[in-house]
Amino acid sequence: MAMGLPRLVAIAFTLHLVSILPLPISLADEITSIESVPDLQKLMYVAVDGYPCVRLLNLSGEIGCANPGLNKVVAPIIKLKDVKDLVQPHTILVTADEMEGFFSRVSNDLSFASQIGGVLVESGSSFQQKFKGLSPDKMFPQAQFSPYENVEYKWNPAASSIMWKAYNFPVYLLSESGILAVQQILSKKEMKHKTYTSNVAEFNMVMETTKAGTHNSEACLQEGTCLPLGGYSVWSSLPPINVSSSNNRKPVVLTVASMDSASFFRDKSFGADSPISGMVALLGAVDALSRVDGFSNLKKQLIFLVLTGETWGYLGSRRFIHELDLHSEAVAGLSDTPIETVLEIGSVGKGLSGGMNTFFAHKTRVSSITNMTLDALKIAQDSLASKNIKILSADTTNPGIPPSSLMAFMKKNPQTSAVVLEDFDAKFVNKFYHSHLDDLSNINSSSVVAAASVVARTLYILANDSKDTSNSALGSIHVNASFVEELLACLLSCEPGLSCNLVKDYISPTNTCPGNYAGVILGEPSSKPYLGYVSDVSRFLWNLLADKTSVQKRNTASVCSKGACSKSDEVCIKAESNKEGTCVVSTTRYVPAYSTRLKYDDGAWTILPQNTSDSMGMVDPVWTESNWNTIRVHVYTVQHSVYDNAVLVAGITVTTLAYIGILVAKSFITKILKQD
């Protein structure tokens, strides 16, 4: 009885204390049913969707973001506009229009940077109209690869260069649902006016290179804590090339576009105008040309090349040229054929202005071949008079061609005759170049259709080697605007994204949202790679191009099982989307895209010594991405330690008083019992 009484009194006091003290998190208005511990965890610790900034490395150091140590980062959230004098690390909530100023301050103010625990970035299409531009790249992107000396030229006036610096704290771009989750938790605190709790963000963004202390590409490749940036480019010919015969090889007209972009955030690199609009224009042109008969009778061979890794040292174009020099299997049927001219399709999504689609032709040098391409563009323009399309020559005061894959061709052979078609003249009109805001809303589909129309007819003129505009075949070449618009929706949005019918007709995508970041190259590079190591977009392009450039499409085609065809000139398409693929006659190849300074041997990557004959290799940074296990961000509410201490003191005080009360009551009861 004596032992039971103190316990009962203590419980009574505890219940009374709980009833009069406010709980740190009131869940009564939110919880309908909690059936398990995981349910409670999900309620208390809200997972936030978004896109991380990750750690990238090169031969001289690091860029990007990561947790500073080996553990999670937990820091209270504060809006940038409310920041005054921070005395402890905080998670700073930054809007897109504050990004440039914030990261510039971090780089210039070390005391401020030391109090940054992490960064959450709010963004969205609404921010695109709020400010003049946001480009985290440089004024002259990849200037070290320029074929001319004026590397101080400002092609990108909106540049801030913030993506090329290293930040020793995690940075996370919030998705729309992530923004709502953070705003909801912050608004609850504001409504309840509680001063004893904090809303915190928890970042689990630990990089393997941080764990191992490998802070450049050479060190991390040796330790296996990173992988080289790269992937797989795709090329295809129209009509298919007879690889088994070297007779009657035709001069090549090479058409080039890029499939990869970049931004501050790894998986939010749509690159709508730069460069995906150009790639879609190329695909639209290929689709239009695929419906023209008689290509085997034309005087020149059309080759379509879609490159990846161009943002990170022109990996795709440099490797393609290197494979040509090696006469490798990746370029079989092409390596012995002279490339007469190159036409690159760059940024073409913002050509529409005042009802006119205007594009600028930037040429590598003055030559008869270059003039032939410019003449073909003019003829194509005139044949499309009703489409309000204008092709202008770029300003002769420009220092040279703008940043483009042509730079790799020019560095290899300064006599290359080539033209790159862009929607700008002397400077980028894309104010969100290499920004997460360069999305579908940043371009005009009619501009892309116009560019595709000009390119399709220009290529036919070049392949036909004729200036005869009365040719009925030229007038019959029409770009399918619906096809172009569907491609844009598939490749530049998350709804429908890669789950669109067009993509699913060819492959089974592993992701819905197309990131368009080059990614890393997995396993041993090969012209016949394991498809699990090839990105969704590369696999889709390979299947689409193989289909569009194939012959005998209307004939009964053989079925292929396990992705293989019996004839050497056939490839198997749509094997992913269907139980059985279809064999078609097509010359379509994968080409590995990775630095020419790298070698894969015995399951590991090594860096090759510099080769003075490879001028671009001499300045190649050799980009790699740190390995990482899991990237997660949670937000939740915690009590201040002062409040915890106060509760502890109150608990001790109440317990002490309760014990004294029990002793007094016991003594009083004992006296009464004795009297009785």
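Contact here means heavy atoms within 4.5 Å. With that in hand, here's a quick tour of a predicted model, starting with how helix α14 sits against helix α16, moving on to the strands, and ending with some backbone oddities. Two cis peptide bonds turn up along the way, S274 to P275 and E495 to P496. There are also positive phi values at H327 and V622.

**Helix α14 against helix α16**

- The two helices are α14, covering residues 481-491, and α16, covering residues 536-548; they pack at an angle of about 160°, and their axes are 13 Å apart.
- Angles over 145 degrees count as roughly antiparallel, so that is how α14 runs relative to α16.
- As for handedness, α14 makes a right-handed crossing as it passes α16.
- On the α14 side, the residues that meet α16 are F483, L487 and L491.
- Their counterparts in α16 are V537, F540, L544 and K548.
- Sort the residues of this contact by type and you get six nonpolar, one charged and no polar.

**The three-stranded sheet and its helix**

- There's an open sheet of three strands here, ordered β20-β22-β21, and the pairing is antiparallel.
- The edges belong to β20 (559-560) and β21 (570-573), each of which pairs on one side only.
- Strand β22 spans residues 581-585 and runs antiparallel to β20, with two bridges joining them.
- If you want a residue pair to look at, take C560, whose bridge partner in β22 is G581.
- Helix α16 shows up again here: it lies across β21 and β22, and runs at about 125° to β21.

**Strand β23 and its partner β12**

- Strand β23 takes in residues 588-593 and is mostly covered, with six of its six residues buried.
- In a regular strand the side chains alternate between the two faces of the sheet.
- For β23, one side carries T588, Y590 and P592, while the other carries R589, V591 and A593; both faces are covered, and these residues are all buried.
- The charged-type name in that list, R589, is buried along with the rest.
- β23 pairs with strand β12 (residues 231-238) in the antiparallel sense, over six bridges.
- Within that pairing, Y232 stands opposite P592 in β23.

**Cis peptide bonds**

- Most residues other than glycine have a negative phi, and most peptide bonds are trans.
- Against that background, the bond from S274 to P275 is cis, with omega near 10°.
- P275 is found in a helix, α8, which covers residues 272-289.
- The bond joining E495 and P496 is cis too, and omega there is about 5°.
- P496 lies in a loop, the one between α14 and α15 (501-504).

**Positive phi outside glycine**

- H327 has a phi near 55°, a positive value in a residue other than glycine.
- You'll find H327 in the loop between α9 (315-326) and β15 (339-345).
- With a relative accessible area of 48%, H327 is partly exposed.
- V622 also has a positive phi, near 60°, and again the residue is not glycine.
- V622 sits in the loop between α17 (615-618) and β26 (624-626).
- Buried means under 20% relative accessible area, and V622 is at 1%, so V622 counts as buried.

Notes:
Residues are numbered from 1 along each chain as its sequence is written. This is a predicted model: local features need pLDDT of at least 70, side-chain atom pairs count only at pLDDT 80 or more; totals for chains, interfaces and linings use all residues. Side-chain values use heavy atoms; hydrogens and water are left out. Axes are lines fitted to C-alpha atoms, for helices over the stretch in contact, and angles run from 0 to 180 degrees between N-to-C directions. Helices (H or I, at least four residues) and strands (E, at least two) are DSSP runs, numbered from the N terminus. Angles under 35 degrees count as roughly parallel, over 145 as roughly antiparallel, 65 to 115 as roughly perpendicular and the rest as oblique. A crossing is left-handed if the near helix is turned anticlockwise from the far one by less than a right angle, and right-handed if clockwise. Ala, Val, Leu, Ile, Met, Phe, Trp, Tyr, Cys and Pro count as nonpolar, Asp, Glu, Lys and Arg as charged, and the others, Gly among them, as polar. Buried means under 20% relative accessible area, exposed over 50%, partly exposed in between (1.4 Å probe, protein chains only). Two strands pair if DSSP finds at least two bridges between them.
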